[in-house]
Amino acid sequence: QKAEELKKEIEGKTISTTGVDPEAIYNTKCIACHKFDVKLVGPPYQETVPKYAGDVKKLSEFIYNPQKIDPAFPPMPNQGLKQKEADAMAQWLIKKVSGK
């Protein structure tokens, strides 16, 4: 029973990103304003991604429909990603920043 509960918990946090290449999306849409460790137009991911505490769905929602958060930076323009692409980006960014 414990294994079944754990499996459900993992499935709840796992998002299907089949067919989406988040690294390609980063290289075509995100890289102009974001780096992992350097401030550009937008803040570095190493500062922003940890604020989501591993919550893929919460980060995905921001990527999908960005809202202005930090007054020190301009608002992020909507990148026109599909929900599945935003989900893949969020999952990829969290893994990259956490090193897992």
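**A chat about a five-helix model**

Q: How much area does the protein expose, and what share of it do carbon and sulfur atoms supply?
A: In this predicted model, the protein exposes about 6,800 Å², and carbon and sulfur atoms supply 56% of that area.

Q: And what percentage of the residues count as buried?
A: Of the 100 residues in the protein, 32% count as buried.

Q: How many helices and strands are there?
A: There are five helices and zero strands, which gives the pattern α-α-α-α-α when the protein is read along the sequence.

Q: What about contacts between residues 24 or more positions apart?
A: Such pairs account for 56% of the contacts in the protein that have a separation of 6 or more.

Q: Changing topic, what is the average pLDDT, and which elements have the lowest and highest means?
A: The protein averages a pLDDT of 90, with 86% of the residues scoring at least 70; among its elements, helix α1 (residues 2-13) has the lowest mean, 60, whereas helix α4 (residues 56-64) has the highest, 97.

Q: What should one keep in mind where pLDDT is low?
A: There, the predicted coordinates should not be read in detail.

Q: Back to α4, then: which of its residues are buried?
A: The buried residues of α4 are Val 56, Leu 59, Ser 60, Phe 62 and Ile 63. Seen down the axis of α4, they fall within an arc of 160°, so they line one face of the helix.

Q: And on the other side of α4, which residues are exposed?
A: Lys 57 and Lys 58 are exposed there.

Q: What does Asp 55 reach at the start of α4?
A: A side-chain oxygen of Asp 55 comes to within 3.2 Å of the backbone nitrogen of Lys 57.

Methods
Residues are numbered from 1 along each chain as its sequence is written. This is a predicted model: local features need pLDDT of at least 70, side-chain atom pairs count only at pLDDT 80 or more; totals for chains, interfaces and linings use all residues. Side-chain values use heavy atoms; hydrogens and water are left out. pLDDT is the predictor's confidence in each residue, from 0 to 100. Helices (H or I, at least four residues) and strands (E, at least two) are DSSP runs, numbered from the N terminus. Buried means under 20% relative accessible area, exposed over 50%, partly exposed in between (1.4 Å probe, protein chains only). The arc is that of the directions from the helix axis to the C-beta atoms. A polar contact is a pair of N or O atoms within 3.5 Å; within protein, one must be able to donate a hydrogen and the other to accept it, and residues adjacent in sequence count only if both atoms are side-chain atoms. Contact means heavy atoms within 4.5 Å. Accessible areas come from the Shrake-Rupley method with a 1.4 Å probe; for residues, only the protein chains shown count as cover.
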